[in-house]
Every structure is written in C-alpha cells, then in structure tokens.
Amino acid sequence: MKHLLRAARFLKSYRWLALGAFVCLVLANGASLVQPQFTRLIVDRGIREQNMSVVIWMALALIGFAVLRSVVNFAQGALMARTAQGVAYDMRNELYSKIHALPFSYHDQAQTGQLMTRATSDVDMVQGFLGQGFLMTVGAVLTMIGSLVFLFVTNWELSLVMLVIVPVSFGLFTVIATRIRPMFMQVQQRLSKLNTVLQESLAGVRVVKAFVREPYESQRFADANQELYDINIKIARTMSFMFPMVFFISNIASLAVYWIGGGQVIRGDLTLGEMMSFANYMMMAFWPMLMVTMVIAMISQAGASAERIFEVLDTRSEVADKPGARPLPAIEGRVRFANVTFRYFEHGDPVLDDVSFEAQSGQVIALLGATGSGKSTIVNLIPRFYDVSDGQVTIDDLDVRDVTIESLRSQIGTVFQETTLFAGTIRENIAFGRPEASMDEVIAAAKAAEAHDFIESFPNGYETNVAERGVTLSGGQKQRVAIARALLLDPRVLILDDSTSSVDFETEQRIQEALKRLMEGRTSFVIAQRIATVLNADQILVLDKAKIAAQGTHEELMARSEIYAEIYYSQLLHAVRTELSGEPEGEPVGGRPGRVPEGAMRAAMTGRGPHGGPPGRMPHGGWPRREGPPRGGPPGQGGRRPRKPERKESD
Amino acid sequence: MFGRHGRGLAREKEKAKDSFGTLLRLLTYFKPFTGLVVIVLVLLVCNAAFEVAAPYLIEIAVDQFIVPSGVEGPRWLSSIVSEGSSLASGLSRVMTILLGIYVLRWFSMAGQGYLMNVMGQKVLFKMRTEILDRIHSLSLNFFDEREAGDLMSRLVNDTQVINQVFTMGIVRLLSVSLNLIGIVVTMVSRKWDLALASFAILPVMILTTTVFARRARKAFRRTRETIGEVSSELEENISGVREVQAFARERQNVAEFRQINRANRDANVQAQTLTSAFSPTLDVLSNTALAIVLGYGGWSVVRGWATVGMVVGYMAYVQRFYRPIQMLSSLWTMFQSALAGAERIFELLDTEVVVSDALDAQELAPAQGRIVFDHVDFHYKPEEPVLRDVSLVAEPGQTVALVGPTGAGKTSIVSLLMRFYDVVEGSISVDGQDIRGVTQASLREQMGIVLQDTFLFSGSVMDNIRYGRLDATDDEVIEAARLANAHDFVTRLPEGYNTDIGERGHNLSQGQRQLISIARAILADPRILILDEATSSVDTRTELLIQRALDELLHGRTSFVIAHRLSTIRNADQVLFIDQGEVVERGTHATLMEAGGKYHDLYMSQFRREGQEEHEAVAAGVDPRNDGSKPSA
C-alpha cells in the first residue's frame, strides 16, 4: 500500500487532467443517482395513475439524461486515459534511465527478464490501478454514499437492510482479497520461473542438444509448469466460489427489497415506484462495494508491482555522480591506482588487494595473470563500472568518483571481451558512442579497424542491418566493428579486454594491426594473452592473488620475476611447441632466462630444425604432447617444477 | 535501438487466418474431459434458466401480491399459495422460492467456473509441455532464423491470452450467450409486442458495437505493436547495458526510448479514448431501450394490454439483456486474439522437424570413434553453399584440426557431426553407421562439445557442471572442475560450488565460464570430443593448464578441434584447411608446412607475430620498443 501511495505521486504531473477526470466522475455519479427518480415517476405518476403524458415526457427525459451522463462519462474516460498512460510513460522512462544508471555490480546479479517484466507488465499493473482503480474507487465510494442517503430519505426502514448487508459483504470481500493477494504474487513468481526455463531452452538450445539434455530440461519445465498449475488451481478454487457469492449477495439485497418493500406496498406504506427506485439505489450502493473489493484485489497486485518497480528505482547506485561532480576536463591520460582494494561482495575476499600503480599518459599497460586474478577488475574500475572498496583511482590526479560519469566514460574507449552489437545498421553501431559522427568519420574508424573492406563487401555496405546480438557477422567481424566503435570516440584512455579471441589467424592478425593503430598515443590498458602484445608494453602488471605480484618492463620482469618468467615461458612454449617427436632439450641453450637461440626460433618459425633437419625440434624445454607434465620443467626456471594445476591459483 | 520501428511483436496478426480450424483444434484439447464439459454445459443451462426465472418470479410477486392486478396467476402458483391466504404470506412464499433459486445459481456458477478453470489449466499445462517438447525437437535451422527474444515473448503472451480465455472467457461467453437466448425466448413467448419494443434499439446497438469493435481492434493492434517495440528496446539495452555505459550513451538511449515510449502512450490513449466513448454510447442506447419499454409498457398498461408487473419484469429483462451485450463484444475481441495466439502456437507445434530420428533408428553402440565424412554438401539456403564435397576419415583416437578463415565452414562441419543439421548431399558415419540411421540421443550422448559461446544456465556452479552428466556425484563434479582448472576460482566464489550464476554467467569472467563449460564436457566423458575454440578466452597460463587437462581428455578419443592457437593444431593427427566450404589442404602440420600452401602462409603470419617480435627482442637483448619506434601498423 505504501508503495502505491508512492506511485500515486506520479500523478502529480497530471494533476489537472486527473482533477478533470475526477470532476466528470462526480458529475456522472450524481447523474446516476437522479436517474431512478425518473423510473419512479413513470411508474407512480404515469403508469399507476394512467397518465400517458407523464410516461412519455419522463421516458424522453430519461433518454436525455442518459445522453448527458454519457458525455460526462466519456470525458472522464478520455481524461483518465491520458492521466494513466502519462503515468505509465513517466514510470517507464524513469525505469529505463535507472536501469542505464545502475552499475555493473547490479547487472551482474539482475536478470534481463525480470527487469523487463518490471518495465512492462508491472508498470501496466500500476497504471491500471492508478487509472481505473484509484479514481474509480473514489467515484464508487461517492456513489455508494449518495445512494445510501437517497435510500434513507426514501424509506429508512428498508434502508436498515443495507446496514446488515453492507458490513457483511464488505467483510467477506476483504477476506477474499487478502486471501487472493499472496496467491497472485505466487502466480507471478512461478510464471517467471517457468519463463526462465523456457528462455534458457531457447537461448541455450545448442548446449541442450549437445548434451542430450532435452529430458532434463523437460523435467525442469514440467516441474515449473506443475507449480504454476497448482497455484492456478488454488486460485480457481477460491475465486470460482467467491465471485458468484458476490452476485448472490447482490441478489439477496434486491430480494430483501421486494420482500420487505413489497410488504410495505401491500400495507400502503410505500408506492410501487418508490420500491423500484429503491431497488435501483440498492444496486447502486452495492456494485460500488464490489468494485471497491475488486480494487482491493487489484491493490494487492498493483502494490506488488509497485514494490518491484520501486525496488529498481530505489536501488542505490553506488556508482553515481556525486552532488557537485564536475565534468572531467579533456584528459592527458595519466591513470593512477592508489592502494586500491576491491570486493564484489561486501564481506567477500578482495578481488584486488591494495593495488597501486601509475600509468603515464600514452603508455601501454599490459595486464597479465591467471583467469580471475583481477585483470578485468582493474580495467573495470577505470571507467567506474564499479567503485573501489578502498583506495582511489585517479585520472590526471582527479579521483574518478569526483567527476561526472558521462564525461569520464566518454573519454575512455572500451573493447569488451564479448562483443555486443545492437540491432541497427553497421554505421549506427560504429557511431554508437558518438551518434552525431559524420559518415566520413565512421568510415575512417572502420578503415583503421580493418573493418572497411568486409563492410563494403556487403551489398548494403554500412547500411547493412546487424541482426539482434550481431548474429549475422562473424566473431572477428564483430570484434572489428567493436574496435571501430572505440576508435571513433578517439579516447585518451583505452581498455582492451581479451579482445582477440575466437577468430582465425588471419583475422586475428588484422585485428592486431587495428589494435596497434588504436593504441597509438593513447594510455592503453590491455588484458593480454599474448606475449607479443606484452613485449610492446611500457609497463607490465603481473597479477597474482589479487595483488600485483610484479611490475615493470619485460626486461626488468624477466630479470626478477619468477611468475612472469613462468608465464613468459609457458607462452613461448605454447607458441613454438611442436608436435613431432623431437626430444625436449632439457637444458636451456641460452644462458639467462628468455634467451632463445636464434636457430631454434627460426626452426620453429619455418617448421624445420635448426640445421635444416626435420621440423619439430623443441627450441627449448617443451614437452611433447601426451606425455604429461615435463619431468625437467622448462629451462630458465632453475629446474623448478612448473605450477601444477592443483595448486591454488591466484585470483 | 537506433529508433528502429516495426520490430518485435509488430508482425503479430490480430485475427487467426483460419479461426474455425484453430477453434476446432483448440477444442480437441478438451477431449479428455468430455464428461466435465458435459457437466459444465448442464450447469450453464441451469444457470440460464435461473437467470430467466428470477425476473419472472418478481413479476408474479408484483402482479399477484404487491399490487394485485386481478390477472390470474399461473397454475403452479396455486399449489404453493393456498386460496385466500394473505398477500403478505403469498409474497413470502414466492420470495422463498426466489431465495432458493439464488442459492442454486450461486452454486451452479461456482461449479461451472471451477470446472472450467481446472480444465483450462490442464489444457494449458499440456500445451506448454508440447511447446517445450517441440522446441527441443526442432533443428537448429529454426533457431538460426528467429530471435530467441521474439519467440519467447510470443510464446509468453500467447499462452497468457489463451489462459485468460480458458479461465474466464469461455465460461462467460457461453453463459452470457445462453442467458441471452433464455431471456429472448422468455420475453418473446410471454408478450411479443413488449419484447419487440424492448429489442427496438438492438439493431442500432449491434451496428454501433461492430463499428466500435473494428476501430478498437485497430487501435489495440497499434498498442500491441508499440509495446512490442518498447519490449525489444528494453530487452536489447538491458542485455547490452555494459556497452551502453562504457560508451556513455545513456542520454541518447533515454531520448530514443522516450520516443518509442511516447508512441506507445499515444496509441494507448487513443485506444482507451475509443473505449471510453464506447460504453457511454451503449449506456445511452440501453437507457433508450429502457425508456421505450417504460413508454410502450406504460401505454399498454393504460390500455389494459399489460400489467404493471409485466412492465417491471420487462425492465429487469431489458437490463439483463443489454448489459451482457456489452460484455459479449469485449469477450469476442479477447476470444479472437486468443485464437490468433493459439494459431501461432499451433504453427510452432506444426513446424516440421527437419532433423528427426528415422523410424527404424537404432541406438548407436558405444562408438570406437571412426568418423567418415563422405562427399558431404551442406547449405542453409540453396543459393549459398556452406560446405562442398567435404570428405574426411578420422580414425579412432585421432585428433582432427580444422583450420581456415572465419566463415569457411569449420563450425558447420562439427555441427553436422553432432547432427544439429542434416547433410544435403553425401553422408556422415560413425563406426560405419550413417548418423541419420541412429537416434540423435545415442549419437550426441557419445559426443562432448565445448562451444565458442559459453552458455550457462541459471542455477549453481555445481548444477552447471553436472549438466554434463546428471547422475554425477558432487565429488565427480569437483574432480571434473579440478581437471578443467576451475576448482580454484569456484571455491573462492561466495558460496563455492553452490554459488548461483546469474543469467549468462555474468558474474563470472568469460574465461571462467569457459572453464566451467570445459568441466562440463570432461564430466560427460564422451567418446568423441568437439572443441570449438574451446580455450579462446582464457589466458595463456590457464590455457596451458587446461590444455594439459584436455590432452588427457583427448587421449583415446576421436576429437575435432577448431582453434586458432597453433599448438593445438600442431599436435593434431590431421589438419584440414577449410576455405569457402571446401577442404583445400590436408595433411599434418609438418607435411602442410612442407607443401608451402595456404596453411603455411597462415601459420607463418601467425607465427611471425607471436614469435618474431619476441625473438628479435630477445636476440637483441632489449625491449623492441626501446629503440624509440613503437611498432605500428
């Protein structure tokens, strides 16, 4: 209920419309109250007294009055529609804006379907309540009071019937409404559960099929379906008994009028016309009561809907502009992390623990580390997708929390791990961050991203429609569009997250070219999977166990970081490991770590041995496949065994 | 997004193409409940009888007791009201009967409502099950052509409308119609001229209703179209909210949304305004009818053609007659949209299953894993061949690497092997058995796949890994996770293996999701393994560890590997270079390098990048960047 009162505040911007509707409602209801008087006059003065002219005039007056009332009714409906729809419009806009303002941490938890429900059917529910329910209740109550007054004035004895029926039926109706309320909430919940299963079966159809899990999914669905069925039956049981009861009570009321009133007419205390108008007023007093109950039932649903809506609207976005936040001036691109600690969950383990580093303007910072070691977290903190739990992140010495988010993010380009494109044309997708960009700019960005050629090869070129979630483009093509999208922003700070997965060599090479171009002269944070990228970095941050385990250039790290050396070798191994039977050379040929003999390198590159022999010689310490882990371990690590998978990995 | 209109539900059609056929088919769902249907019908008829009886009794009460008209009462009356008893006691007798009728009416209404609800829910239950089964049995072609979101909203909305019709629509429609018939019959049979006067306004009413209904349908169609646009806009931007925020596009999006939202608001206002005009108009008409009855009835009474009670009774009839007519028209609209929804659902249920088990399909015996592609052609659309004349033999235990540019057809090859699609020409066999001759379940059960796009289900990490083998114990799941190198990060999640992973695993990194999907495949322990870019999103160090696990896994299994990392390919027993749907080179890494063809070129280009810079750097002993010229494109 309190949520609904809050929702009623949305009416504020439409108060004149709402007031107009209300006035019309009062008029219409007043008119309804007068109408039975015509019937009474026709019966008593006309028919009973056999006065034809009264009959005819009153019949015409009845019609004229109905016309008047209808006009007012129509005005009320039309005004109401504008009010209620206006409220729905405002609510949706607000929800939509809010969803956009909520931080990643919220969206990590939220399900698209649930948010959708809130912005669609929940809004409709509240709108319906405010429009139909709220106003009509007021109108109904007025009618009820009015007709009760008429009833008592006409015949107070007969009116006593009402004094019995009103509280009884009201009590009954309220009981129904309170019983139904939780059931309807359950229906909503179970329906959305069922829909989740359906949705997953649709979206994950490949996995379902590949693992032959149709029976399992069917079972899951059947369970959800059964639960929904059960609650619906429960509602049916209550509703199908209770609702006819409402009719029953109304019938009893009119029965009482004919019974008691009839007795009075027989005794001559009442005229027939009076009795009939009395029956009319009785119905007028009764139906509003029913409507009030229905509105009460609606309150439960609308209240739940309003609650869900406000749940979203009230979610405090910890990532929000501070009051008085200034726009970030055009930045140089100096990024500093000062003792940054970050936790996803309040009391969880830190994902970043006291991390400090500084990136000078224009530097390339490579982030290395095992999956989940916190690389993505670092880059997510820069555009303030999350807020630090402790410490601070600054750009050009300004704390990112002190500037407006929009100004911050518009100066940072991001290429995500997973490329999401939007329905629309390729041009629109590239211009995503700067919708006002000219066609030339879009083309320039696409060219730099090595995307121009394939885009041009489509029949519609830049106007080619990208289907929902970018399914018509291949993975590599999507990625290049995403790169062009970032390029078009011409950002000072660039974030590349694992951006070259799932493409073939050739495409990847193109992408690498594009990325290089993209990074030029910008402060770039690259979550790198390839040593080649790392080698070009000005700084390498090696993350381990939520901390920076090592930091420096490639050279420095090779000299002093074991973890780095390990990653380095595994990478190198990876790159040049060959399959054929060559014995692993147990000893490093070069002396210090990282030195790869030229011959071996060439061998690996050409697939020939260092001396023109058969390909497949290991340049250094690899192990042939299917022999399990190396016995000696790679060179350059002083014979240390490589980390085993079982070892607790950093995160 | 981008203010595109006409998407989403826009193509929804209002009316069923074949209303009658759809209705018949919908009715067949009620066949198992024939007995109940009969009971409901009987109750409906009783209800209609009660509906008619009440005004009649009131009329009797008025004419015989309240304002005695002197007209002789019906014969049955004398059996309950003895001659000479007082008017008041006669009135009480009639009223008692009326009370009884009201009680009966309550129960008959409750009974029919309950039974109809139960049947409706049962039918819906069955229908939903059928929908899901059909979705599972459809081949991937179907899903390639449709947006999951669109399909989803259609299914949800359509079943919802049908639900409404089943739970209240049908009963109301039938009871209202029956009541109307009952009333008309009674009115005409009792006094035809008064009945005629009562119905005088009916043609006008029907005409008005029809005109309004037509316009309202149009208006409401527009509201549905616009809400469809609102929904797809929401859907897309909620799932793409990360991009939106990263590109600080919120303002633009909000502006675009406002526009779509406004269109929806305006459509709704228009539709509701129309509705607001409708019921007052009907109100005028029914009041006119009332006035006519009163006028003509009054005149008849004056002339002595009718009794006062009769006029009172006809007034009650008229009210009971015109009110349901309004209801009837809205029920009719609802009914029609339900039929349209049902038709769409039937359309889905009738979608031909392209890939289905042959009638005599056998279980595929535990496979050795010898796989043969024999001159396989494949296309989705005839004009765009995807695979042409692909032949290959994979001996048991071999690893076959598929290499080639994006879009060459690599994924199609493995999809055909899984029989997600059927070949157009040629055949695929496992251990000499054509895969079209075995059941899909037995075929896929022996295959494990790790896909490029990791899909995780809502549920715990444990559930998601167990998806690979449902009867696996917790220990086995954990063991698989260990092998896939997922154990460590999983144990660090807030609730370890019981952590709920959100939709699409958003609170996990893509690498972590991939590890889970690898664990899933490991747990499934398949004979034939397909890795489609399985390790593309994990860092090299993790990949190396997974690779070791995979090496272990690959051992003794026939495997098809699509990967862009060299090592995997180099280790393969066979390398097939696919280009534009054809196998252009085949051999081992060594022989292909020797041959110096496309594979060689590709390999070199990749290698140069991964190795050379480093090689140079290391050889020079300096960071290549330090020479001042940053390598650029």
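## A helix pair in chain B

The crossing of helix 7 of chain B and helix 10 of chain B is right-handed, meaning that the near helix is turned clockwise from the far one by less than a right angle. Helices here are DSSP runs of H or I with at least four residues, and strands are runs of E with at least two, numbered from the N terminus. The contact, in which C-beta atoms placed from the backbone lie within 7 Å, involves Leu194(B), Ala197(B) and Ser198(B) of helix 7 and, among others, Ala289(B), Ile292(B) and Tyr296(B) of helix 10.

Helix 7 covers residues 192-199 and helix 10 residues 250-303, and they pack at an angle of about 155° with axes 8 Å apart. The two are therefore roughly antiparallel, a description that applies to angles over 145 degrees.

## How far to trust the model

This is a predicted model, in which local features need pLDDT of at least 70 and side-chain atom pairs count only at pLDDT 80 or more, while totals for chains, interfaces and linings use all residues. Residues are numbered from 1 along each chain as its sequence is written, and chains are lettered from A and ligands numbered from 1 in the order in which they are written.

The pLDDT, the predictor's confidence in each residue from 0 to 100, has a mean of 76 in chain A and 79 in chain B. In chain B, strand 4 (residues 425-430) has the highest mean among the elements, 90, and helix 21 (residues 598-620) the lowest, 56. Where pLDDT is low, the predicted coordinates should not be read in detail.

How values were computed. Axes are lines fitted to C-alpha atoms, for helices over the stretch in contact, and angles run from 0 to 180 degrees between N-to-C directions. Angles under 35 degrees count as roughly parallel, over 145 as roughly antiparallel, 65 to 115 as roughly perpendicular and the rest as oblique. Two residues are in contact if their C-beta atoms, placed from the backbone, lie within 7 Å.
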